[in-house]
Amino acid sequence: MSRDKILAAVKKNEFTQTQLPDLEILTTLTDNPGDLTQQYITIASAGGSFVYEVADMEAIKTILHKEFKPDVKIISGIKEFDEYTYAGAVANELAHSFADVELTILQAGFGVAENGALWLTETQMNVRVLPFISQHLAVIISRGFLVPTMAQAYAKIGNTDYGYGAFISGPSKTADIEQSLVIGAHGPRSLSVFILP
Amino acid sequence: MSNSTTKSHAELAAAFNKDEPRVDWHDETLWWVRAKRDIAAHKLPEWELLRETASQIKNNVLSNLSSYLEQFEANALKNGLVVHWAADAAEHNQIIHKLLADRGINRMVKSKSMLTEECHLNEYLKEHGVDVIDSDLGERIVQLANEPPSHIVLPCIHKKKEEIGDIFHEHLGSAKGESDPKILTETARQHLREVFLTRRAALTGVNFAIAETGEFVICTNEGNADMGAHLAEIHIASMGLEKIIPERKHLGVFLRLLTRSATGQPITTYSSHFKKPQDGREIHIVIVDNGRSIQLGREDFRNSLKCIRCGACMNTCPVYRKSGGHSYHTAIAGPIGSILAPNLDMKKYADLPFASTLCGSCSNVCPVKINIHDQLYKWRQVIVKEGYSPTAKTIAMKAMAFTLSSPALYRTGGKVGRWVFKHAPFAVNNQQNPWFKHREMPKAPEQSFGEWYSKRKEEKK
C-alpha cells in the first residue's frame, strides 16, 4: 500500500532533530497599541474595499438603500435587516440557487488591521458559497473586534471548531493580464465594510 | 506540452531572446513585482524574524514529517474528509480519475495547483475522456493557448494583452482586437461562472495542511478555488506531502510572508480554511510523494522542501527574468524549480542548475530562507560527478583543468591566445564561439602578467 511505503520512506530520511520556534516574540513585537481602526481603514481601502464608519444599523441601511435598487436579490445573515431574505432561512437550499444574488450582507467575527482581512466562519456565512457567488458583499464588524496582525488573529481563533472559515480581505481581483489590476474576477465585484462603534 | 521538449535551457532561452523588446518588457514587469515585494517586506520591522521563524518551523516539519502526516491524516478522517496517498504522479492521476469515473463525472473545474502540472494531470484526464477547465484566469489563458504556465504565481506573465485578446476572440467570442484587461477579465468571468455552476467535481491545490486540526488552507485572489469547491459535489485537494505545518497558529507566520513575498500584497483576498465537508458533499485529499521523500534524504537539498511557492526567487532572478519560464522546461521554473527538478530526473534536468549566475538574490528574498543558490552550486557538482553534464562542457572543463595543472602548458596557451587575438581575430570573433554571441571580445595585452613580472625583476637587478 502506498501509504505505508510513503510514510516509511519519509521516516527513513528524517535524520535531523529540531524544536518548534517560540511564536511569543512575534506576537509581542506586533501587539500594536495604536489606532487599529485607522490602520484597518487605510489598508482595506488600498486593497479595494469600501470602508464606512457608521453609528448604528440604521446608518448601514441608509447606505445600502442608496447603493442597491430595491428589486435586486439581497440576502442577509443579520436578522435585524428584515426587509431582506434571511440567510439562515435559506441555508438548506441548493448552493446553485444563489447564482443570481446581487448583494450578501454578513457579520464578521473580527478584522485584521495589518491586511484588511475579515474572519468569517460557516456559521456567519450560513452557506459557504454565499460570500463568493454574490455580485457584491457587505460585511459588518464592531470597532472592538480588530486585531493588529495575523499573530493575534490566530490567537483569537484558537482551537475553535468550524467546518469552514475564511479570511476575506477585499473584492475578488486578478492581475493576470499584464499585471493590470482588475476588480471582480470570479467573486464579488465589491466589498463594503461597515465598522460599528 | 512541457515535457515533449528535449531542448536545453540555453537553447530555449536563446529562442526567447530573439525578441529583444519582449525580453525587456518581461524583465521589467517581473522586477516591478520584486520591487513591490520589497516595499511590503520593509514595512514590517519584524520581517527577518518572521523569515527565520518560518524557516525553523519548516525545519521542525522536515524532522518529524512522518508523524505530522499521520497526525494530519487522523484528524482529517475525524473531520469527515477522505485521505488518499499517491507514491508518484501516475498513482495521483489514477486516484483522481477513479474518483471521477466512479461517480460518472467527465467534466471537472480546477483551480491553481502546480502539483497537477508536475503530474501532468490535465493530459492524463484528457486521454481518459475527462474535460478539465482551469479556473484561475492566468491558467485558463495558457490552457487555451495550449501552453504550460510560465510562472507559479503569474502563469501567463509571458503573454501580452493583445495575444490574450486574440485567444479570447478565438475561444470565448470576445470582440476582435479587444485587449482591455477589464473587458477580457469580464469575458472570462462570464465564461467561468457557467463552468462553476455546471461542474460536479472541483480540484484545488493546497497551500498549507495543518497536522493539529486536519484542515487545509487555500489562498487565492480571484475566489476561483472557493467557487469551484463550494458548488461541486466532490472537492478533490491535491497536496505535496511537504505542505504540512504543525499547528494552526503557524498560519499566523506563513500567511504574513506568503503574499508579501509573492506580489507585495499584505494577504491574498481569500485564505480559505477547509475542515469538514458540507452536508451531503465530499472532500478528498490526495497526499503525493513523487520524489519528495527522496529529496528529504538528500542532505544538501532537503531544504528545498520548505518552499511555500511564492515565486519571489523567480521575480528576482536575472536569468529567469531574461529567459522566460518556459526555458526551464519543467512545471516549476526559476531558481527553486532548478533545485527541485534534478531530484525527479537528473539527466533530463541536468542543464537547470547551470541556468543561474549564482548571484544569491533568490536566497535573499526566500521567505523560508532556502539556500537556493548554494543548492544550485551543489547540484552542479553532483551532476558533473554523476556524468550528466553536457559533453562540450565536460571536455572544456577537462581541457582547462589539464592546462591549469601544468605551468608550461598554461604559459604556452596564453601566448597562443594572445597571438590569435592579435593576428587572427576572426578565429574568435565569430558565431562558433559561444562567448562572442552577446559580447565584444577584449583586446589582447602585449604580454602576460607573468612575463611583465619577470621582466621587471630582470630590470631591477
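**Figure 1. Strand 9 of chain A meets strand 9 of chain B in this predicted model**. Strand 9 of chain A, residues 164-168, and strand 9 of chain B, residues 270-274, pair in the antiparallel sense over five bridges. Two of the facing pairs can be named: the bridge partner of Gly165(A) is His273(B), and Ile168(A) stands opposite Tyr270(B). Seen with its neighbours, this pairing belongs to an open sheet of eight strands with mixed pairing, whose order is 8(A)-5(A)-6(A)-9(A)-9(B)-6(B)-5(B)-8(B). At the edges of this sheet are strand 8 of chain A (146-147) and strand 8 of chain B (244-245), each of which pairs on one side only.

**Figure 2. Strand 6 of chain B and the strands on either side of it in the sheet order**. Strand 6 of chain B covers residues 215-220, and six of its six residues are buried. Glu215(B), Val217(B) and Cys219(B) point one way from the strand, while Phe216(B), Ile218(B) and Thr220(B) point the other way, and all are buried. This arrangement can be read against a general pattern, in which the side chains of a regular strand alternate between the two faces of the sheet. Strand 5 of chain B, residues 208-210, runs antiparallel to strand 6 of chain B and is joined to it by three bridges, with Ala209(B) standing opposite Phe216(B). These two strands form a hairpin with four residues between them, and in the turn Gly214(B) has a positive phi of about 75°. Strand 6 of chain B is also joined to strand 9 of chain B by five bridges, again in an antiparallel arrangement, and here Cys219(B) stands opposite Ser271(B).

**Figure 3. The contact between chain A and chain B, considered as a whole**. The contact takes 61 residues from chain A and 68 residues from chain B. On the side of chain B that touches chain A, helix 3 of chain B (residues 47-63) gives the most, with nine residues. The residues on that side of chain B divide into 30 nonpolar, 23 polar and 15 charged.

**Figure 4. Helix 4 of chain B and its buried residues**. Helix 4 of chain B runs over the 14 residues 65-78, and at 1.5 Å a residue it should span 20 Å, which agrees with the 20 Å between its end C-alpha atoms. Within this helix Leu65(B), Tyr68(B), Leu69(B), Phe72(B), Glu73(B) and Ala76(B) are buried. They cover an arc of only 135° around the axis, and therefore lie on the same side of helix 4 of chain B. In general, an α-helix has 3.6 residues a turn, so residues three or four places apart point the same way. Just after helix 4 of chain B, Gly80(B) takes a positive phi of about 95°.

**Figure 5. Strand 7 of chain A between two parallel partners**. Strand 7 of chain A comprises residues 136-142, and because six of its seven residues are buried, it is largely enclosed by the rest of the structure. Strand 4 of chain A, residues 103-107, pairs with strand 7 of chain A in the parallel sense over five bridges, and the bridge partner of Ile105(A) is Ala138(A). Seven bridges join strand 7 of chain A to strand 12 of chain A, residues 190-196, which also runs parallel to it; here the bridge partner of His136(A) is Ser190(A). For orientation, the secondary structure of chain A comes to seven helices and twelve strands, and of its 197 residues 44% count as buried. Among contacts in chain A between residues at least 6 apart in sequence, 73% join residues at least 24 apart.

**Figure 6. Asn343(B) and its surroundings in chain B**. Asn343(B) is found in helix 16 of chain B, residues 334-344, and counts as buried because 20 other C-beta atoms lie within 10 Å. Leaving aside its neighbours within four places in sequence, Asn343(B) is in contact with Gly291(B), Ile294(B), Gln295(B), Arg298(B) and Phe301(B). Ser454(B) lies 111 residues from Asn343(B) in sequence and 50 Å from it in space, C-alpha to C-alpha. The domain assignment of chain B gives domain 1 (1-21 + 312-398), domain 2 (44-135 + 200-293) and domain 3 (406-460); the C-alpha centres of domain 2 and domain 3 of chain B lie 57 Å apart.

Note on methods. Residues numbered from 1 in each chain as written. Chains lettered and ligands numbered in written order. Predicted model: local features only at pLDDT ≥ 70, side-chain atom pairs only at ≥ 80, totals over all residues. Expected span 1.5 Å × (residues − 1). Buried ≥ 20, exposed ≤ 12 C-beta atoms within 10 Å, placed from the backbone. Arc of directions from axis to C-beta. Contact = placed C-beta atoms within 7 Å. Nonpolar A, V, L, I, M, F, W, Y, C, P; charged D, E, K, R; others polar. Pairing = 2+ DSSP bridges. Domains from an automatic or database assignment.
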